[in-house]
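Trainee: I would like a close look at one part of this model, the empty space in it. Please add the backbone and side-chain details that I should check afterwards.

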Amino acid sequence: MSLFLFLSTLYFTPWMVGFAGWYDTQPYRDFLFYTPFQHLLLLGPVLFFYTQSLLNPAQKLNRSMLLHFIPAILYLIYSAVIVIYDKIILHDYGFLASGQDPDFETWYQLLGFISMSIYLVMGFRYHQLYLKSINQVLSNTTAYLYPWLPRFFFACIMLLFIRGVVAVLGLIWDMNYINTWWYFLCYAICCYYIAILSYSNAVESKLLFRTNLLATEETYWAATDTIDTEYVSIPMIENTTTQELSDELLLIKDALLSELEQEQVFLNPELTLVELSKQLNTNASILSKVINKGFGQNFNDLINQYRINFVISEIGKGLHKKQTLLSIAFDCGFNSKATFNRAFKKVTNFTPVEYIQEHFR
């Protein structure tokens, strides 16, 4: 995010210093002409990898990721060639004979617009795949849904939309840098919004997420202290009916029931599928299959069902007369009021208050 904000600052720097007279004074004019300020081919990859780093704090740059930066690198090389030819070889304006800043060339602006659009779609798709499989691995998902990310994507889309409006208006009117003050103002406001939104919602993912953007059936998850080879595949498609299990999977199901009913592992608000699989000495992918087929539920629904049943048993003991419902819920493994109310309604078809009025008058 810091890199994105830095690149955004560079983006409207020529417009700001232009009003300070830099384009009319040497050596500032040549500095603006020959220095690439608008790194349009870099903004898209930075936004996409920022999204990946949120969902996977252990994400590191590798060779395949570096390929995304090749267009931006090529533009930097192109900029260097311009400087060498004009300043060292020709000693005059060659590439810049037209007096047009290379950053404002139509082909570059269009290419940057397309690049950022593609990477925004990729980032949105990556987040959607994360949401489709999170209930399979986390028992409490509220803090890790990143509900502000869609607003983040929307703000980035607005940046592109405003840029598109400027391009269209430029076909009709003379859109010089003086007439486009409103565009840069809107751009700055969007950048401030993105910065505040990002830094005020800093949450470190409980598990590490990885997937292929074309994935339709499974994603890959691992514990935060894992190594690269320990990612396991988790299905995105949930079973809604129970299915017959093999003898091997039945043994895992029995062990799981023991952990839930005797050890009451569901009381841990940060319980994850990966953590539970380690306690059962099995693989998270296998345990997910057992829960989906053996119970006809996803991991989140199964754990929350046990938590709700425990809440109900505590209410049956009259604990709600001594404690608030929310404190009981927290003691039973929930970590947010919204999650508790939603899970209670899903299991009992009543809100907590309605349930008490109906069953414990």
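Mentor: Pocket and cavities come first, then backbone, one asparagine, the cysteines and a long distance. This is a predicted model, with residues numbered from 1 along each chain as its sequence is written. Local features need pLDDT of at least 70 and side-chain atom pairs count only at pLDDT 80 or more, whereas totals for chains, interfaces and linings use all residues; side-chain values use heavy atoms, with hydrogens and water left out.

Start with the method. Rolling a probe the size of a water molecule over the atoms shows where empty space is left. The search runs on a 1 Å grid over the protein atoms alone. A cavity is a set of points where a 1.4 Å probe fits but cannot get out. A pocket is an open set with protein on both sides within 12 Å along at least five of seven lines. Lining residues have an atom within 4 Å of a point. Points are joined across faces, edges and corners, and a volume is the space filled by probe spheres set on the points.

The largest pocket holds about 1000 Å³ of space. Its lining has 36 residues, and Phe104, Gln109, Arg163, Val166 and Met175 are the closest to the pocket centre. Six elements give two or more residues each: H2, H3, H4 (40-55), H7 (106-133), H8 (149-170) and H9 (181-199). These are helices, meaning DSSP runs of H or I with at least four residues, numbered from the N terminus. H8 gives the largest share, 7 residues. By class, the pocket lining has 21 nonpolar, 10 polar and 5 charged residues. Here Ala, Val, Leu, Ile, Met, Phe, Trp, Tyr, Cys and Pro count as nonpolar, Asp, Glu, Lys and Arg as charged, and the others, Gly among them, as polar.

Now the closed spaces. There are 2 cavities of 30 Å³ or more. The largest cavity has about 50 Å³. Its lining is Phe33, Tyr34, Thr35, Pro36, Tyr75, Ser79, Ile82, Pro102 and Asp103. H3 and H6 (70-90) each supply at least two of these residues, and H6 has the largest share with 3. The split is 6 nonpolar, 2 polar and 1 charged.

The second largest cavity has about 30 Å³. Leu138, Ser139, Asn140, Tyr144, Lys206, Pro269, Glu270, Leu271 and Thr272 line it. They divide into 4 nonpolar, 3 polar and 2 charged residues.

Next, the backbone. Most residues other than glycine have a negative phi, and most peptide bonds are trans. Glutamine 26 and proline 27 are joined by a cis bond, with omega about 5°. Proline 27 is in the loop between H2 (13-18) and H3 (28-34). Glutamine 264, not a glycine, has a positive phi of about 50°. It lies in the loop between H10 (247-261) and H11 (273-279). Asparagine 281 also has a positive phi, near 55°. Its loop runs between H11 and H12 (284-295).

Exposure uses relative accessible area with a 1.4 Å probe on protein chains only: buried is under 20%, exposed over 50%, partly exposed in between. Glutamine 264 is partly exposed at 29%. Asparagine 281 is exposed at 74%.

Asparagine 298 is in the loop between H12 and H13 (299-316). Asparagine 298 is buried, at 2%. A polar atom of the asparagine 298 side chain lies 2.7 Å from the backbone nitrogen of aspartate 301. Leaving out residues up to four places away in sequence, asparagine 298 touches Asn135, Gln136, Glu238, Ile291 and Asn292. Touching means heavy atoms within 4.5 Å.

Then the cysteines. The structure holds 0 disulfides, a disulfide being a pair of cysteine sulfur atoms within 2.5 Å. Cysteine 156 has its closest cysteine sulfur in cysteine 191, 8.5 Å away, so the two are too far apart for a bond. Cysteine 156 is buried, at 0%. Cysteine 186 is in no disulfide either, with the sulfur of cysteine 190 nearest at 6.8 Å. Cysteine 186 is partly exposed, at 28%.

Last, the long distance. Valine 353 lies in H16 (352-359) and is partly exposed, at 48%. Valine 353 and threonine 25 are 328 residues apart in sequence and 73 Å apart in space, C-alpha to C-alpha.

Notes: A polar contact is a pair of N or O atoms within 3.5 Å; within protein, one must be able to donate a hydrogen and the other to accept it, and residues adjacent in sequence count only if both atoms are side-chain atoms.
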